[in-house]
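Take a look at the model below. We will go from its domains to a pocket and then to a ligand.

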Amino acid sequence: MNRISTKLTLCFFLVVLFLEVILMFYLHQNMMHTRVQEEFDRLMTNGKNHRDVLVENYSELTIHHIVMMEKNENRNVIITDKDGNIIDHSEHIKLLEDKLLIVNGQKIEMDEIIIDDWKNSPYIASAHPYEIDENTTGYVVMFQNTSVLQQMVKNMNLHFAIAGATSVIVLFIVYAILSKIITKPLIRMRDATEQISKGDFDVSLPQLSNDELGELSHSIQTLANDLNRMKSERNEFLASVAHELSTPLTYIIGYSKVAMRDELDKQEREKYLAIIAEESNRLKVLVKNLLDLAKMDENSFTVTKERFPIKPFLEKLYSLVVPSYELKNIRLTLECKNDFEVEADPTRLEQIILNLLDNALKYSKENGQVILQAFQNEHKTIIKVIDAGIGIAQEEANRIFEKLYRVEKSRSREFGGSGLGLAIVKELVDAHDGTIHVESELGKGSTFTISI
Ligand SMILES: Nc1ncnc2c1ncn2[C@@H]1O[C@H](COP(=O)(O)OP(=O)(O)OP(=O)(O)O)[C@@H](O)[C@H]1O
Ligand SMILES: [Mg+2]
């Protein structure tokens with residue numbers, strides 16, 4: 001069931017219904033009161049006019065004229081003397097006689113309404129005293145039939161009921177449609193998230209307007225796309241890992257079978273065992289690097305920063321790697337003019353620089369040159385590893401920090417790389433809140449710059 005739309009519809013509907021009932025009641029009462037008041041005013045005005053005419057020109061003829069004027073269905077007039085005896089009256093007097101008692105015996109000094117219960121009484125009435133001389137006094141009493149008023153109220157009630165019922169039905173339909181329109185995208189998003197939670201990330205939500213619903217839909221779509229990308233990246237990564245592990249294992253299995261042959265002499269067997277040892281070592285490094293990366297991904301490794309002088313630190317690294325550089329006849333130069341303090345985790349920084357120096361050595365031609373440079377720039381420490389090696393094409397440069405990415409798989413294998421070094425470097429630099437970037441030209445060399 002579409003529960004949220006039902007709730008919304010009911011909520012809106014009840015609030016508006018409540019307001020509408022109050023407003024209609026107020027309007028109804030006001031209109032009714034105004035109409036009734038108009039009738040009373042008219043009665044009073046007519047009575048007063050008749051009385052004024054009578055006072056001005058008291059005669060039987062005038063009385064007769066007044067009575068003649070009020071000979072109609074709804075209004076009647078009675079003219080009495082001071083004791084309430086009827087001098088003259090218009091038609092329907094039979095109905096009115098007992099009402100005269102109200103005037104009888106009462107001393108009414110001013111014009112006033114004497115019967116105002118228009119809801120229950122068949123008439124409303126007003127009395128207008130006149131005085132010609134001491135003996136000639138009396139009342140002009142006006143009567144108005146209330147059936148007109150009652151009919152008017154009945155009609156008004158009917159119209160209000162029709163208007164009320166129509167607006168209630170229209171409101172209900174409008175709210176039902178509106179809430180459906182509002183909740184439709186919500187339902188689509190709920191379905192999309194359910195689909196995501198079941199592991200199916202191929203979700204496509206429509207572009208909505210720029211409101212909160214639109215933002216929510218956009219966020220869900222982005223989440224689904226990210227999950228989809230991560231899923232395919234993970235699959236790709238697992239396939240690469242499996243491939244990376246299987247290659248040395250194939251060598252190990254193959255060569256161990258060969259090494260087991262009886263006819264081999266000692267020298268040959270040692271050669272094969274050396275290959276097995278080398279491949280096992282490669283496996284060990286690969287697994288260690290993978291574990292390192294897994295830890296970094298989980299954020300379960302910590303960077304413990306401390307301040308230490310950079311120059312002796314780099315000199316130590318320099319002397320550590322320089323023998324392997326000499327083996328390949330590559331000149332490694334350390335450029336660090338001023339000694340200054342750097343704030344970093346020394347073990348991790350060592351790992352970073354050794355990785356870069358290892359790459360510079362691996363991807364440099366013999367008799368080449370590599371520079372390890374360090375300086376300070378606006379409170380940041382800049383460390384550069386500059387080589388004049390094989391270089392990296394522009395389109396590859398952005399990808400070399402990805403896990404297991406190697407520019408040229410077969411060529412890298414010949415260099416012994418697995419494509420994890422720079423991914424580890426990047427994670428470590430990120431953990432220091434630093435940056436790393438590469439400038440490189442194919443065939444001319446590369447410069448890796450770290451800023452921490
Ligand atoms: N200084 C460099 N000159 C030219 N190419 C480089 C250089 N450094 C890295 N690369 C390219 O980037 C790829 C990724 O480097 P990375 O250090 O991540 O992996 P690797 O050196 O192949 O293996 P690993 O470091 O895991 O032993 C390398 O395979 C290589 O193709
Ligand atoms: Mg490397």
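The paragraphs below treat the domains, the second largest pocket and ligand 1 in turn.

This is a predicted model. Start with the division of the chain. Domain 1 covers residues 3–152, domain 2 covers 212–298 and domain 3 covers 306–451. Measure from centre to centre over C-alpha atoms, and domain 1 and domain 3 are 108 Å apart.

Now turn to the second largest pocket. Its volume is about 770 Å³. The lining consists of 28 residues. Nearest the centre of this pocket lie Glu-233, Arg-234, Phe-237, Glu-402 and Lys-403. Which elements give two or more residues to the lining? They are helix H5 (212–259), helix H6 (266–298) and helix H11 (421–431). H5 makes the largest contribution, with 11 residues. Viewed by domain, the lining takes at least three residues from domain 2 and at least three from domain 3. What is the chemical make-up of this lining? It has 15 charged, 11 nonpolar and 2 polar residues.

H11 leads on to ligand 1, since it also appears in the shell there. That shell draws at least two residues from each of helix H8 (346–362), helix H10 (409–415), H11 and strand S12 (445–451). How many residues surround ligand 1? There are 21, and those that come nearest are Asn-359, Asp-387, Ser-418, Gly-419 and Leu-422. By class, 9 residues of the shell are nonpolar, 8 are polar and 4 are charged.

Next, look at individual atoms. Two side chains approach oxygen atoms of ligand 1. For Asn-359, an N or O atom of the side chain is 2.9 Å from a ligand oxygen. For Tyr-363, a polar side-chain atom is likewise 2.9 Å from an oxygen of the ligand. Asp-387 pairs with a nitrogen atom instead: an N or O atom of its side chain lies 2.8 Å from that nitrogen. How much of ligand 1 does the protein cover? On its own, ligand 1 has 580 Å² of accessible area, and the protein covers 96% of it.

Technical notes
Residues are numbered from 1 along each chain as its sequence is written. Chains are lettered from A and ligands numbered from 1 in the order in which they are written. This is a predicted model: local features need pLDDT of at least 70, side-chain atom pairs count only at pLDDT 80 or more; totals for chains, interfaces and linings use all residues. Side-chain values use heavy atoms; hydrogens and water are left out. On a 1 Å grid over the protein atoms alone, a cavity is a set of points where a 1.4 Å probe fits but cannot get out, and a pocket is an open set with protein on both sides within 12 Å along at least five of seven lines; lining residues have an atom within 4 Å of a point. Grid points are joined across faces, edges and corners, and a volume is the space filled by probe spheres set on the points. Helices (H or I, at least four residues) and strands (E, at least two) are DSSP runs, numbered from the N terminus. Ala, Val, Leu, Ile, Met, Phe, Trp, Tyr, Cys and Pro count as nonpolar, Asp, Glu, Lys and Arg as charged, and the others, Gly among them, as polar. Domain bounds come from an automatic or database domain assignment. A residue is near a molecule or strand if one of its heavy atoms lies within 4 Å of it. A polar contact is a pair of N or O atoms within 3.5 Å; within protein, one must be able to donate a hydrogen and the other to accept it, and residues adjacent in sequence count only if both atoms are side-chain atoms. Accessible areas come from the Shrake-Rupley method with a 1.4 Å probe; for residues, only the protein chains shown count as cover.
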